[in-house]
Amino acid sequence: MEKNRRTLKEALNKLPHYSPGEGVWASLNQQLNELPLKTAAKSLPEYEPDDRLWNQIELGPKVGRTAYFWRYAAAVILLAGVAAGWFVSQKTGKQIAFTQEMVDERLQTNADLVTDQQYEKLKTYCETETLICKSNDYKRLQHEYEELVGAAVQLQQAIGEYNAEPDLVRQFANIEQQKAEVLNEMAKMI
């Protein structure tokens, strides 16, 4: 209401002025003095308001005063909320921590193994020397070696890129040792 007071005054000033004629006032006066209205007005109870009410009427409407009260109340609540948030954040003491873990090279498997390279050399030599490579013992050792290679490939896939389980590495080392033993037997035959 306070913001629009000036606009309201301007609008009221722009309204056309009208003064009723004397006949209208006389007619109203006559109707007010008629018997049914006079008797009804006399039967109404009389009431005298308290002095505090007259004082509040003299002070004017509370619209402006209550608006300021709610503004102050909202500001206090906002400041209390910000202060509480700040105290809570100070109390919890959030900390960020990180760790760096180094890869243990002993737990890593090499894709290029010496046994596989030596096996390829024996295989190439075997192509030229056919008598030894056709024997049943050599074929059995060759089949056993290839099964061990398959097991090693499966184990490497289980280990993955970032190995963290020493048991898997131990199993892989055992398979590589068996491959080396089979390869030695094959080399002794040639």
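In the predicted model, aspartate 50 forms a salt bridge with arginine 52, in which the closest N and O atoms are 3.1 Å apart. The two partners differ in their class of exposure, since aspartate 50 is partly exposed, with a relative accessible area of 42%, whereas arginine 52 is exposed, at 61%. Helix α4 spans residues 51-59, and because the number of buried residues among its 9 is 0, this helix lies largely in the open. Glycine 60, which follows α4, has a positive phi, near 100°.

A search of the whole structure finds 5 salt bridges, among them one in helix α8 and one in helix α9. In the former, the side chains of arginine 140 and glutamate 144 meet with an N to O distance of 3.8 Å. Both residues lie in helix α8 (residues 136-159), 4 residues apart, which corresponds to about one turn of the helix. An α-helix has 3.6 residues a turn, so residues three or four places apart point the same way. Both ends of this pair are partly exposed, with relative accessibilities of 46% for arginine 140 and 33% for glutamate 144.

The pair in helix α9 (residues 166-189), to which glutamate 176 belongs, has a different setting with respect to solvent accessibility. Lysine 179 and glutamate 176 are joined by a salt bridge of 3.1 Å, N to O, and their side chains are also listed as a polar contact of 3.1 Å. The two residues are 3 apart in helix α9 and are therefore separated by about one helical turn. Lysine 179, at 1% relative accessibility, counts as buried; glutamate 176, with a relative accessible area of 12%, is likewise buried, because this value falls under the 20% cut-off.

At the level of the whole protein, the model contains 9 helices and 0 strands, and the elements from the N terminus on accordingly run α-α-α-α-α-α-α-α-α. Buried residues make up 14% of the 190 residues, and the protein exposes about 16900 Å², of which carbon and sulfur atoms supply 57%. Among contacts between residues at least 6 apart in sequence, 71% join residues at least 24 apart. A nonpolar surface patch of about 280 Å² is made by Leu8, Leu12 and Leu15, and of these residues leucine 12 is found in helix α1 (residues 5-14).

Terms used. Residues are numbered from 1 along each chain as its sequence is written. This is a predicted model: local features need pLDDT of at least 70, side-chain atom pairs count only at pLDDT 80 or more; totals for chains, interfaces and linings use all residues. Side-chain values use heavy atoms; hydrogens and water are left out. Buried means under 20% relative accessible area, exposed over 50%, partly exposed in between (1.4 Å probe, protein chains only). Patches are made of residues with over 30% relative accessible area and no salt bridge: like charges are joined within 9 Å, nonpolar side chains (Val, Leu, Ile, Met, Phe, Trp, Tyr) within 5 Å. Accessible areas come from the Shrake-Rupley method with a 1.4 Å probe; for residues, only the protein chains shown count as cover. A salt bridge is a side-chain nitrogen of Lys or Arg within 4 Å of a carboxyl oxygen of Asp or Glu. A polar contact is a pair of N or O atoms within 3.5 Å; within protein, one must be able to donate a hydrogen and the other to accept it, and residues adjacent in sequence count only if both atoms are side-chain atoms. Contact means heavy atoms within 4.5 Å.
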